[in-house]
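Visitor: I am new to this structure and would like to learn how to read its features one at a time. Could you take me through it slowly, giving the general idea before each case?

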Amino acid sequence: MKAIINANIVLENGIVWDGYIIIAGAVIKEVGHMRDFVAPTGFDVVDADGLYVGPGFVDLHVHNAGEKTTYFDAEEACEYFLERGTTTLMATPPYELAFNEFLKAIHAARASIGKARTLKGLYMEGPYINPKYGAFAHLNPWRGPINEQEFKALVDAAGTDAKVWTIAPEREGLVPFLEYARKVNPEVVFAVGHSEATPEQIRKLGRFKPTLQTHSMCATGRIPVSGGTRGYGPDEYCFKESEVFTELICDSCAIHVHSDMQQLLLHNKGVKRVVLVTDSAHSPYPAPKGYEHITDLHFDDKGGLAGSRLTMDTACRNIMTHTNCGIAQAFVMASLNPARVIGLDGEIGSVDVDKKADLIFVDDKFNVAKVMLAGKLVKE
């Protein structure tokens, strides 16, 4: 049994200034104001000393922790991100893996679930995306027709641990894959990404329409329309459809998504439909000229963006810098919304009674001081 005292507790819809949290085992049992706190006997007391206490981060889309992958090196990668506040993580194999390596990555990630403390499933960024878009696009081996034998092998390997499949709706022969993925995992989420699909093409997927967008305004295109007017593609579709969640990579210099576009996204979608992701990756290539000063990005061999070096604490700080959101809103985008996407919001993602005590202690700049996983301090 634990009591956290003297905390500014970040809730879904506000902040309890100078509050306390009672934890029994791995679960939150009570949240209140210090003025009402009566010290229980036999409890371990954790003094937050005025720090903000909010839900642990949930990172849906993360490839690497430095050179360690989230699939082949899941335990080490998860510990790296746990130290920085991520208490739930999805392993994300990259789309440039060929078939056999993709299978190996899936098997390795699934074998690590239960061993890697924060790994809860897989985010499958492809392989059935548009090979024109994304980092290392010229290395994408998935350019041919969609092969039933291959996609069944991938889906069977991932099973119900594949929480998200990113697809490009314009790919021919996609529907049989979607049907099989949904058959194997009825709860699977389809995300539109690495795509130039028109809204019409997305809507034609019917019951398989994506409810998530993979890194909004990154690796997307638009088919030109007549008269020189602006085309319309996945970004426009996701902006318009109110039920669709949109991922946002929020780096320090707003290179992935310009700060004005981040503000437009928040204005259009609202805080409760934006999902912060790190898309943390690895690339050996140097930054192109003019970008040498940027420390939280990776670039491919063509000078294009190749994911980030972000952790979720810095992503939260960045979105507060680039938009007018506050700390409570940042927590919603970094914790509760991603939990909602994968159906875990009844267990994690916010500081609520009967939810898991995955908690982080941060200052007003999101510097992480303490991390609690399932009611146990793992960083202090």
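Visitor: Let us begin with cysteine 238: is it buried or exposed?

Guide: The general idea is to compare the relative accessible area with a cut-off, and buried means under 20%. In this predicted model, cysteine 238 has 0% relative accessibility and therefore counts as buried. Cysteine 325 is likewise read as buried, because its relative accessible area is 7%.

Visitor: How many disulfides does the structure have, and why does cysteine 238 not take part in one?

Guide: Here the general idea is a distance between two sulfur atoms, which must lie within 2.5 Å for the pair to be a disulfide. By that rule the count is zero. For cysteine 238, the closest cysteine sulfur belongs to cysteine 218 and is 13 Å away, so it is too far for a bond. For cysteine 325, the closest cysteine sulfur is the one in cysteine 250, and at 8.1 Å this too is too far for a bond.

Visitor: How should I read a nonpolar core, and which residues touch the most other members of the largest one?

Guide: As a general idea, nonpolar side chains in soluble globular proteins tend to be buried together. The largest nonpolar core in this structure has 39 residues, and those that touch the most other members are Ile106, Tyr128, Leu154, Trp165, Phe177 and Leu178. Several elements each supply at least two residues of this core, including helix H2 (99-112), helix H3 (148-158), strand S11 (162-167) and helix H4 (174-184). Apart from this core lies another, of 31 residues, with Val10, Phe57, Val257 and Ala334 among them.

Visitor: Leaving aside residues up to four places away in sequence, what does leucine 178 touch?

Guide: With those sequence neighbours not counted, leucine 178 touches Ile167, Phe190, Leu205 and Phe208.

Visitor: Where is valine 274 found, and what surrounds it?

Guide: To place a residue, one can look at its element, its accessibility and its contacts in turn. Valine 274 is found in strand S15 (residues 274-277), and with a relative accessible area of 0% it is buried. Not counting residues up to four places away in sequence, valine 274 touches Thr246, Leu248, Leu265, Leu266, Lys269, Met333 and Asn337. Serine 216 is 58 residues from valine 274 along the chain, and their C-alpha atoms are separated by 9.4 Å.

Visitor: How much space lies in the largest pocket?

Guide: A pocket can be read first by its volume and then by its lining. The largest pocket holds about 430 Å³ of space, and of the 22 residues that line it, the closest to its centre are Ala135, Phe136, Ala281, Ala306 and Gly307. Strand S17 (residues 305-308) gives the largest share of this lining, three residues, while by class the lining has 10 nonpolar, nine polar and three charged residues. The second largest pocket has about 170 Å³ of space, and its lining includes Thr160, Lys163, Glu187 and Leu344.

Visitor: What is the volume of the largest cavity, and which element gives the largest share of its lining?

Guide: A cavity can be read in the same order as a pocket. The structure holds one cavity of 30 Å³ or more, and the largest cavity has a volume of about 50 Å³. Strand S1 (2-11) and helix H9 (327-341) are the elements that give two or more residues to its lining, and the largest share, four residues, comes from H9. By class, the lining of the largest cavity has eight nonpolar, two polar and one charged residues.

Note on methods: Residues numbered from 1 in each chain as written. Predicted model: local features only at pLDDT ≥ 70, side-chain atom pairs only at ≥ 80, totals over all residues. Heavy atoms only, no water. 1 Å grid on protein atoms, 1.4 Å probe; cavity = no way out; pocket = protein on both sides within 12 Å on 5 of 7 lines; lining within 4 Å. Points joined across faces, edges and corners; volume = space filled by probe spheres on them. Nonpolar A, V, L, I, M, F, W, Y, C, P; charged D, E, K, R; others polar. Buried < 20%, exposed > 50% of the residue type's maximum accessible area, 1.4 Å probe, protein only. Core = buried A, V, L, I, M, F, W, Y, C linked by side-chain atoms within 4.5 Å. Contact = heavy atoms within 4.5 Å.
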